[in-house]
Amino acid sequence: MAECISIEREPKTAIAAALPLLAQGAAIAIPTETVYGLAADATNPQAITRIYETKGRPRFNPLICHMADLAMAERHARFDPLSRTLAERFWPGPLTLILPLQDGSPIHPLATAGLDTVGVRCPRGFAGQLIAAFGQPLAAPSANTSGRISPTSATHVEADLGDKIPLILDGGTAGVGVESTIVKVENGAVHLLRPGGLAAEEIEACLGLSLIRPEKAGAIIEAPGMLASHYAPDAPVRLNALEIHAGEAAILFGRDTPAGLDKAHFIRNLSPEGKLAEAAAALFQTMKEADASGAARIAFVPIPMQGLGEAINDRIERAAAPRA
Ligand code: TXA
Ligand code: MG
């Protein structure tokens, strides 16, 4: 059973417990500002294998390598000018850049699934300190069984992976609540591979250009992890519900009340005031509660597509996608 240490109450104990485990090639759960990560030494093939095994993750799906800062990232990835501008503006934060691997980088090919590119990001807060103390990048996917809802609290991680990993560092509830935004610069064009915790509009405003949003099918090829069915609760999911059916879990947003709400088995509002950042932070916890309520189906009311709404809609579309 995993040991659980609070980074707020015992930050030094947390780092002291984590470092030897990482050095031995263990995979441990760490808080980031987006979701909890299952972290291991990105340069150690046994450590990366442990991540894939613990999650039951397909090995063709590359991992994001987390860096302490831009200087560390530059030792492992080659930055073009646009990517550097984004890193300087938004790191540490919920932005992942796909970049060519730097010659001689010790990041193991298992972490990049053999690609000649690497996904890099600098997480905000405790994770950055841990990586700086460890001195090597940490490969970290979300700390959940592959295909399931990503964890936004240590409790979620414990329930899913608690008997498979030695340590969970508890940093409270993840503030952003959805995974990082992933972009890739190619020939001066910036492709949005995954909408996430940094709004696409903020990236566009920073660079003064529009992001290229590929067709969904193209996105699956570019970011192999973007399998259509993902974030799957046990209950089926219905989107853009204007009316709630008997026995459904109703997930609301803003002040509008859908017809038939009195027939709902369970009701939660992601943000009564209609704030998308608040809704993103609450999304995965709310989906887990709706699922655990025993509702026959989970029904989401329409959620606006701007700002973090793009990431929210992406995640709930995947939750609603036909299961493999
Ligand atoms: O917020 C986050 O990004 C969280 C926290 C833990 O940092 N991590 C996360 O990792 O969401 P994961 O493994 O669930 O998603 C990584 C995504 C996958 O869709 C993968 O295909 C894509 O990043 N990816 C990683 N390296 C890539 C590369 N070289 N080229 C294209 N896509 C890549
Ligand atoms: Mg994930």
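What is the mean pLDDT of the protein chain, and what share of its residues reach 70 or more? This is a predicted model, and the mean comes out at 94, with 95% of residues at 70 or more. There is one stretch to treat with care: over residues 217-222 the pLDDT drops below 50, and beyond near neighbours in sequence this stretch has 6 contacts in the model. Where pLDDT is low, the predicted coordinates shouldn't be read in detail.

With that in mind, let's look at how the chain is divided. The domain assignment gives domain 1 as residues 3-177 and domain 2 as residues 237-320. Taken over C-alpha atoms, their centres are 29 Å apart. Where they meet, domain 1 puts in 8 residues and domain 2 puts in 6. About 740 Å² is buried between the two, and carbon and sulfur atoms give 59% of that. On the domain 1 side, look for Ile 149, His 156 and Gly 177: this trio supplies 60% of the area that domain 1 buries against domain 2, more than any other three residues. If you go hunting for salt bridges between the two domains, the count is 0.

Now move along to the open sheet of 4 strands, ordered E11-E14-E12-E13 with parallel pairing. Strand E11 (237-238) and strand E13 (266-269) sit at the edges with a single partner strand each, so one side of each has no neighbour in the sheet. Further in, strand E12 (residues 248-252) runs parallel to strand E14 (residues 297-300), and 4 bridges join them. To find your place in that pair, start from Ile 251, which stands opposite Phe 300 in E14. Packed on the sheet is helix H10 (residues 276-292), which touches E12, E13 and E14. The direction of H10 makes about 145° with that of E14.

Finally, two bits of backbone are worth a stop. Most residues other than glycine have a negative phi, and most peptide bonds are trans. Trp 91 and Pro 92 go the other way on the second count: the peptide bond from Trp 91 to Pro 92 is cis, with omega near -5°. You'll find Pro 92 in the loop between helix H4 (81-90) and strand E5 (95-100). Which residue has a positive phi although it is not a glycine? That's Asn 187, with a phi of about 50°. Asn 187 lies in the loop that links strand E9 (181-186) with strand E10 (189-194).

Methods: Residues numbered from 1 in each chain as written. Chains lettered and ligands numbered in written order. Predicted model: local features only at pLDDT ≥ 70, side-chain atom pairs only at ≥ 80, totals over all residues. Heavy atoms only, no water. Pairing = 2+ DSSP bridges. Helix = DSSP H or I, 4+ residues; strand = E, 2+ residues; numbered from the N terminus. Contact = heavy atoms within 4.5 Å. Axes fitted to C-alpha atoms, helices over the stretch in contact; angles between N-to-C directions. pLDDT = per-residue confidence, 0-100. Domains from an automatic or database assignment. Buried area = accessible area lost by both parts, 1.4 Å probe. Salt bridge = Lys/Arg side-chain N within 4 Å of Asp/Glu carboxyl O.
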